[in-house]
Amino acid sequence: TAQRSESDIDDEVLDCGKTVNFTYYDNLVGIANRMNHPNVPEPQVALIFKKRNAELDIEGLERRLKKAKREKPKSVQLYNQIGNFFRIKGDTTKSIECFRRALAVSPHNAEVLLNLARVMFNLQYLDDAIYLTRRSLEVQPPDKSAWQQYFTLGEIFKAYGHYQEATLHLRHCLELRPEFEPALATLRDMEALPDNNIHIYTVLIIIFLVLGVLITVVSSCDSNLDSDFQEVKGHRHFNRAMAMRSLKMGISPRALRSKRYNGGCG
């Protein structure tokens with residue numbers, strides 16, 4: 001019977017059950033587009049399931065998750081674990097669906113929100129990742145450390161190029177978990193990039209200066225054109241006034257022009 005049970009488990013398909021119709025986070029772009037994502041493995045997630053330095057047996061983990069699903073098929077914690085399993089495998093869509101199912105039951109679960117944020121970050125949906133991580137931080141139980149949320153925010157803001165904000169979050173992470181090597185390594189990476197920031201600001205200043213010069217040149221050209229136009233317009237008004245005056249005096253404009261011409265020649 002035990003052997004039959006084992007073979008049945010091997011034949012089962014591991015999933016999180018029927019896809020839920022709605023969660024409060026479905027408006028996020030990365031979640032709305034979940035059916036179109038590429039498969040991106042996250043091998044580092046295996047650390048969640050590893051016991052110290054032992055190698056992770058993926059098939060054994062899958063079997064354990066199938067057994068757990070038989071015992072508690074509607075467990076939020078189980079949905080979360082299966083979602084992380086699919087992150088290791090690189091099945092992005094299935095992992096998102098598992099986290100959605102967990103959030104449909106428990107919309108304020110800090111751990112699930114953080115895991116979903118990590119998926120969005122891995123797919124480079126940075127705005128979604130920030131929103132979900134901050135939401136996870138807001139609902140994190142007070143008796144649990146939030147170092148993972150601060151580390152995740154640090155990584156996201158570093159990816160954005162917002163190094164000051166990234167540094168603040170990473171230092172907060174290290175306050176809660178001193179000597180956390182990934183946070184220290186990320187800080188070292190950013191400390192090696194100060195010249196890049198200065199270069200970016202220098203380029204922006206040059207661009208604004210060039211734009212200022214161009215605007216000044218265009219404005220001066222416009223003012224010169226306006227003055228020339230006013231001068232021409234003044235001549236036209238003068239000629240028209242002379243013509244009207246000559247008509248009143250009975251002098252034809254043609255005779256007036258010829259007289260002016262002859263006078264100029266003399």
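## How H7 and H8 pack

H7 goes past H8 in a left-handed crossing. This is a predicted model, and in it the axes of H7 (residues 126-139) and H8 (residues 147-160) come within 10 Å, crossing at roughly 160°. Since angles over 145 degrees count as roughly antiparallel, that makes H7 roughly antiparallel to H8.

Who makes the contact? On the H7 side, look for Leu126, Asp127, Ala129, Ile130, Thr133, Arg134, Ser136 and Leu137. H8 answers with Gln149, Tyr150, Thr152, Leu153, Ile156, Phe157, Ala159 and Tyr160. Sorted by class, the contact of H7 with H8 comes out at ten nonpolar, four polar and two charged residues. Asp127 and Arg134, both from H7, are the charged pair in that count.

## A cavity to look at

Now for the empty space. The structure has one cavity of 30 Å³ or more, and the largest cavity encloses about 50 Å³. Which elements give two or more residues to its lining? They are helix H4 (76-89), helix H5 (92-105) and helix H6 (110-122).

## What lines the cavity

Residue by residue, the lining of the largest cavity consists of Val40, Glu42, Phe86, Arg87, Gly90, Asp91, Thr92, Ser95, Val119, Asn122 and Leu123. By class, that lining is a mix: four nonpolar, four polar and three charged residues. The nonpolar ones are Val40, Phe86, Val119 and Leu123, while Glu42, Arg87 and Asp91 carry the charged label. Gly90, Thr92, Ser95 and Asn122 are classed as polar.

Definitions and conventions. Residues numbered from 1 in each chain as written. Predicted model: local features only at pLDDT ≥ 70, side-chain atom pairs only at ≥ 80, totals over all residues. Heavy atoms only, no water. 1 Å grid on protein atoms, 1.4 Å probe; cavity = no way out; pocket = protein on both sides within 12 Å on 5 of 7 lines; lining within 4 Å. Points joined across faces, edges and corners; volume = space filled by probe spheres on them. Helix = DSSP H or I, 4+ residues; strand = E, 2+ residues; numbered from the N terminus. Axes fitted to C-alpha atoms, helices over the stretch in contact; angles between N-to-C directions. Parallel < 35°, antiparallel > 145°, perpendicular 65-115°, else oblique. Left-handed = near helix turned anticlockwise from the far one by under 90°. Contact = heavy atoms within 4.5 Å.
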